[in-house]
Amino acid sequence: MTEITAPKSAVTAEQFADEIREQLKYTQGVTVEQAKPADVYVAASAAVRRHLVDSWMKTQADMVNGNTKAVGYLSAEFLMGKQLENALLNAGLTDQFNKAVKDLGFSAQEIIDAEYEPGLGNGGLGRLAACFIDSLASLGVPAFGYGIQYKYGIFKQEFDENGKQIETPDYWLANEEPWGHIDYNRDQKVSFGGEVVEENGKKVWKPAWSVRAVPVDYMVPGYASGRVNTLRLWTAKSYDEFDLLTFNKSEYLDAVKPQVEAENISKILYPEDSTPQGKALRLEQQYFFVSASIHDAIRVFYPGQDKPDLTTFADKITFQLNDTHPVIGIPELMRVLMDEYGYDWDTAWKITNKTFNYTCHTLLPEALEVWPSKLIGELLPRHLEIIEKINDQFEAELKAKGVDDATIKDMAIYTGDSVRMAFLASYGGSHVNGVAELHSELLKDVTLKNFSDVYPDKFTNVTNGVTPRRFIKLANPRLSDVITEGLGTDKWLSDLELLQGLVPLAEDAEFVKKFAAVKQANKVDFSNFAKRKYGFDIDPNTMINTMVKRLHEYKRQALKILSVIADYADIKSGKVSADDVMPRTIVFGAKAAPGYYLAKQTIQLINNVARVINNDPDVKGKLNVYFPWNYNIELAMNLIPATDLDEQISQAGKEASGTGNMKFALNGALTVGTLDGANVEIRERVGAENFFLFGMTEPEVSALYAKGYDTKGLSREYYEKDPQLKAAIDMVADGTFSDGDKDTYKDLVNDWLTKDYFMTLADFRAYMDIQAQIEETYRDPMKWSRMAVLNVANSGYFSSDRSIEDYLERIWHTGPLA
Ligand code: GP0
């Protein structure tokens, strides 16, 4: 007997159909006969939202009245993905929905598809925030996600006829968006600019302009917890409706200018992933949402109180700083406590220090934000003063601890010219965490070494995780059924370590065959999806080999494409007969930051390699390359379950964690990867024999830098010594993938041969060797599938529920509502 514990609402399909009808009629003004799928999508969303309202209100009331501290997850990005399917699952209405829409004359899929995916994040960091708020709600922990409702999300990616990336605006709010509830009556005023003056011995900030921060609330339903939290995304509105004076002069268009400028603040998500640009508007965005959120928390937790006792603030809510983006919250809370509520510096500092914690997501120094003091001074003069004072206090503290002057200078939060946000966060909060074990170690040993030396107890690790609801249950229903059947229960969806129970089944040939059949069916589905959406002809009987992630040099898409080119060159030269090649389909998905030149060249190269190889009869269809554009959550949910082999091939010591790697392992893909980020922990858990490891380790990378790899042009030696590598690079240089033009990729080629900072060439040989081993393994389907079963069975640790439990225990010191 299989035990089913998934939530199930008492509402019948007939009742749910009536609710949809009613929404269609009374809110949207269309009959069922007139309704399009997009109408039914809006109606069904509104209907399911109504079923969540009571739990939502109760969760909020319990949060304010209860004695459990809440979590405020401050994040500039929340990459949520489509909402309807997930809300139905958590409300226990999936079956009713499926039947109801069918009875209304629609297919469930076309209704789900009608939702436009909100892209309010760049990649891993934003998706992690979305997984975390899902897990917080599922664990019954009261929490707010606080962020920005950008009008334009991450750009839509297209490819032009030359294979170049084109970015177009993602106006995701062009159609009715039924999930966000805009609440004009819970707005906050956020001010900027002006100057600080002294009045009666007190510092008083006289700002020059203000915007109105209006919250848009999204419900965050927990799975099987009965709890519904809130994602509160701020949108900027103008206070100046229009300037009457100007208007009287009948300069109508000028009159709306200030309004347009204020509303610019929440207009667009910056598309740089890991390499922030020091733009004033970005700082405005950061301050905008953080200031509104802090004031909002005071409003929520001290309702109706003019003189709240904010010495208890850190017992009400703990703020997690998701990377450096919200770190301006530290001086902001200081300012609020001192200037708005009259606390002295020391009291304010104690509260602030206790309230904030900081998660660092990177090892790339360029990803740690540093703001010019001048910019902060112009935009937030009072905050700059506070930062200077924090820095003075910090220096005195370090001196007292016996830290030498040179080190103190290295650690400066405020250097005179600039403010280092990661340092401000490390000093200003209680805890600092990295996102995988290796990453947290490297943070302590390298990136934030001085801080960890002085404040060792602040530093901890929380390995990332992903939500099994979206990335297994919704993305891979077939696998979910096989797991439930195998375990005899569906409880694994809220306790993912139960997947361990599948380990013995790896020896059960019947089970392994069922598991393999799921993968095959998913591959067929993906092939159909790719045909429908992209016009691709993907053969589901080839190995599906996937590399999806942002395009970044350190992630090394270049290594993957060079290996494909090397294989192609072997076929073309006759060294290898196409008949002997194991059939493979390589699927890439990646957006490049619009200003990231080498990343964009890499995209162009991949597209043209695909064009040439896919159309070359000599290849006999054995090697295929596809690059579906605009990689997003929807594509991920279709591609990951269909993948046989996943690529996690970053240069060791560069990928903080990776979260795609977890999604693939949990969906029964095998991984080829370096010892980097969470790969290390995945491999430990699934077993070294079930993971394709290759390449230099982090200490080997460091040693090679020390030899001058990038500065002395050592990469060229690898090129000269390895004929296969040489053939591949020469093929890029000679115009094979640019209709004979030798200049198209010259900067890319030149970088490989003179600098190659991320050591693609140095790891090439090891990568080719492991691929040969992979092919051998894949030719034994039972062996491959058994390994895949063991990947699923041993990856339960990588649930974001477990990550949140670690945060609760190590950092937040709070727990679920009673
Ligand atoms: C890290 F610094 N990450 C940054 C950034 O600006 N954006 C971003 O998405 C990612 C890391 O690269 C990661 O290793 C990590 O798993 C993720 O943050 C969440 O911690 C790979 O996606």
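**Close-up views of a two-domain predicted model**

**View 1. Two domains make up the division of this protein.** Domain 1 is assembled from the stretches 68-81, 117-188, 213-244, 265-369 and 421-462, while domain 2 runs through 482-803. Please keep in mind as you browse that this is a predicted model. Taken over C-alpha atoms, the centres of domain 1 and domain 2 are separated by 32 Å.

**View 2. Here is where domain 1 meets domain 2: 44 residues of domain 1 are in contact with 33 residues of domain 2.** On the domain 1 side, the elements that each supply two or more residues are α6 (124-138), β3 (156-159), β4 (165-168) and α18 (437-447). Look to α6 for the biggest share, since α6 gives the most to this side, with eight residues. Sorted by class, the side of domain 1 that touches domain 2 holds 17 nonpolar, 17 polar and 10 charged residues.

**View 3. The ligand sits in a shell of 19 residues.** The closest of these are Gly-124, Leu-125, His-361, Thr-362 and Ser-657. Which domains does the shell draw on? Domain 1 and domain 2 each provide at least three of its residues. If you are curious about the chemistry of the shell, its classes come to five nonpolar, 11 polar and three charged residues.

**View 4. The largest nonpolar core has 241 residues.** The members that touch the most other members are Ala-44, Ile-133, Phe-288, Leu-424, Ile-565, Val-609 and Val-789. Helix α23 (residues 557-573) gives the most to this core, with 10 residues. Why does the core lie between domain 1 and domain 2? It lies there because both domains give residues to it.

**View 5. A closer look at Val-609 and its contacts.** Leaving aside residues up to four places away in sequence, Val-609 touches Ile-561, Val-564, Ile-565, Val-625 and Phe-737. Two of the names in this view, Val-609 and Ile-565, also appear among the core members that touch the most others.

**View 6. Strand β6 (residues 188-192) has side chains that alternate between two faces.** Gln-188, Val-190 and Phe-192 point to one face and are buried. Lys-189 and Ser-191 point to the other face and are not buried. What is the partner of β6, and in which sense do they pair? The partner is strand β9 (residues 209-221), and the two pair in the antiparallel sense over five bridges. To find your place along the pair, look for Val-190, which stands opposite Val-211 in β9.

Methods
Residues numbered from 1 in each chain as written. Predicted model: local features only at pLDDT ≥ 70, side-chain atom pairs only at ≥ 80, totals over all residues. Domains from an automatic or database assignment. Contact = placed C-beta atoms within 7 Å. Helix = DSSP H or I, 4+ residues; strand = E, 2+ residues; numbered from the N terminus. Nonpolar A, V, L, I, M, F, W, Y, C, P; charged D, E, K, R; others polar. Near = placed C-beta within 6 Å. Core = buried A, V, L, I, M, F, W, Y, C linked by C-beta atoms within 7 Å. Buried ≥ 20, exposed ≤ 12 C-beta atoms within 10 Å, placed from the backbone. Pairing = 2+ DSSP bridges.
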